[in-house]
Amino acid sequence: KIYYRNACDINRKSHIPYYELAKISMLESNNELAKKNIEIALNNNPDNIESLALASTIYFNCNDIAKAVEYSENVLKKSPNNTSARIIRAKVYMSQKEFDKANEEIDKALSFEKTNMMRAELLRFKRQIKEQKGN
């Protein structure tokens, strides 16, 4: 974390250290700091797919569904095969009890996702959707 803070001090125009600090803050459940850092990252590089996807996750974690959807839609316009954005959209649909739409998002991600670890995660997510739909 100190490394990225120092990198921010050295080059305030780079999005990378702010993106990394946002990731760290999110993992530490410091959502306000995560939002602050991801917004700086996006200000420095508004088209960066990874930053947009992380912003979507951060805002979903903060229950700001409108911003989470906005960022995930921006990601999918630029990169339709982005698994993170598909997962966020599925989570949004689940929170709205739109389980069929959530399933569609996961199926789309499964159609292009090649890594076994992520495919396993997506299949677990499908089971979770099915369980919640059944309740």
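Which residues of the largest nonpolar core touch the most other members? They are Ile38, Leu42, Leu54, Ala55, Ile58, Tyr71 and Val75, out of 23 residues in that core. A nonpolar core here is a set of buried Ala, Val, Leu, Ile, Met, Phe, Trp, Tyr and Cys residues joined through side-chain atoms within 4.5 Å. Buried means under 20% relative accessible area, exposed means over 50%, and partly exposed lies in between (1.4 Å probe, protein chains only).

The model is predicted: local features need pLDDT of at least 70, side-chain atom pairs count only at pLDDT 80 or more, and totals for chains, interfaces and linings use all residues. Residues are numbered from 1 along each chain as its sequence is written, and side-chain values use heavy atoms, with hydrogens and water left out.

Return to the core. Helices α2, α3 (31-44), α4, α5 and α6 (83-95) each supply at least two of its residues. The largest share, 8 residues, comes from α4. Helices (H or I, at least four residues) are DSSP runs, numbered from the N terminus. Ala55 shows how the core is joined. Beyond its neighbours within four places in sequence, Ala55 is in contact with Ile38, Leu42 and Tyr71. Contact means heavy atoms within 4.5 Å. Another core lies apart from this one. That core has 13 residues, among them Phe99, Ala102, Phe112 and Phe125.

Now look at two serines. Ser56 sits in helix α4 (residues 49-61). Ser72 sits in helix α5 (residues 65-78). Ser56 counts as buried because its relative accessibility is 1%. Ser72 is buried too, because its relative accessibility is 1%. Neighbours within four places in sequence aside, Ser56 contacts Ala68, Tyr71, Ser72 and Ile88. On the same terms, Ser72 touches Ser56, Ala85, Ile88 and Arg89. What does the side chain of Ser56 reach at 2.9 Å? The partner is the backbone oxygen of Ala68. For a longer view, take Ser72 and Glu20, which are 52 residues apart along the chain. Their C-alpha atoms are separated by 19 Å.

Glu20 belongs to α2. The buried residues of this helix are Pro17, Tyr18, Tyr19, Glu20, Leu21, Ala22, Ser25 and Met26. Helix α2 (residues 16-27) has 12 residues and should span 16 Å at 1.5 Å a residue. The expected span is 1.5 Å times one less than the number of residues. The end C-alpha atoms of α2 are 17 Å apart, which agrees.

Two loops deserve a stop. Most residues other than glycine have a negative phi. Ser29, just after α2, takes a positive phi of about 60°. Ser29 lies in the loop between α2 and α3. Ser29 counts as exposed because its relative accessibility is 59%. Asn63 is not a glycine either, yet has a positive phi of about 65°. The place of Asn63 is the loop between α4 and α5. Asn63 counts as exposed because its relative accessibility is 65%.

Charged pairs come next. Side chains of opposite charge can pair when their charged atoms come close. The structure holds 9 salt bridges. A salt bridge is a side-chain nitrogen of Lys or Arg within 4 Å of a carboxyl oxygen of Asp or Glu. Lys126 pairs with Asp107, with the closest N and O atoms 2.7 Å apart. This pair links distant parts of the chain, 19 residues apart: Lys126 in helix α8 (residues 116-134) and Asp107 in helix α7 (residues 99-112). Lys126 is partly exposed at 22% relative accessibility, and Asp107 is partly exposed at 38%.

Within α8, Arg124 and Glu121 lie 3 residues apart, about one turn of the helix. Their side chains meet in a salt bridge (2.6 Å, N to O). Arg124 is partly exposed, with a relative accessible area of 41%. Glu121 is partly exposed as well, at 38%.

Lys101 forms a salt bridge with Glu98, the closest N and O atoms being 3.1 Å apart. Lys101 is partly exposed at 39% relative accessibility, and Glu98 is partly exposed at 28%. One network of salt bridges links Arg86, Arg89 and Glu105. Arg89 has appeared already, as one of the residues that Ser72 touches.

Key:
Polar contact = N/O pair within 3.5 Å; in protein donor to acceptor, adjacent residues only side chain to side chain.
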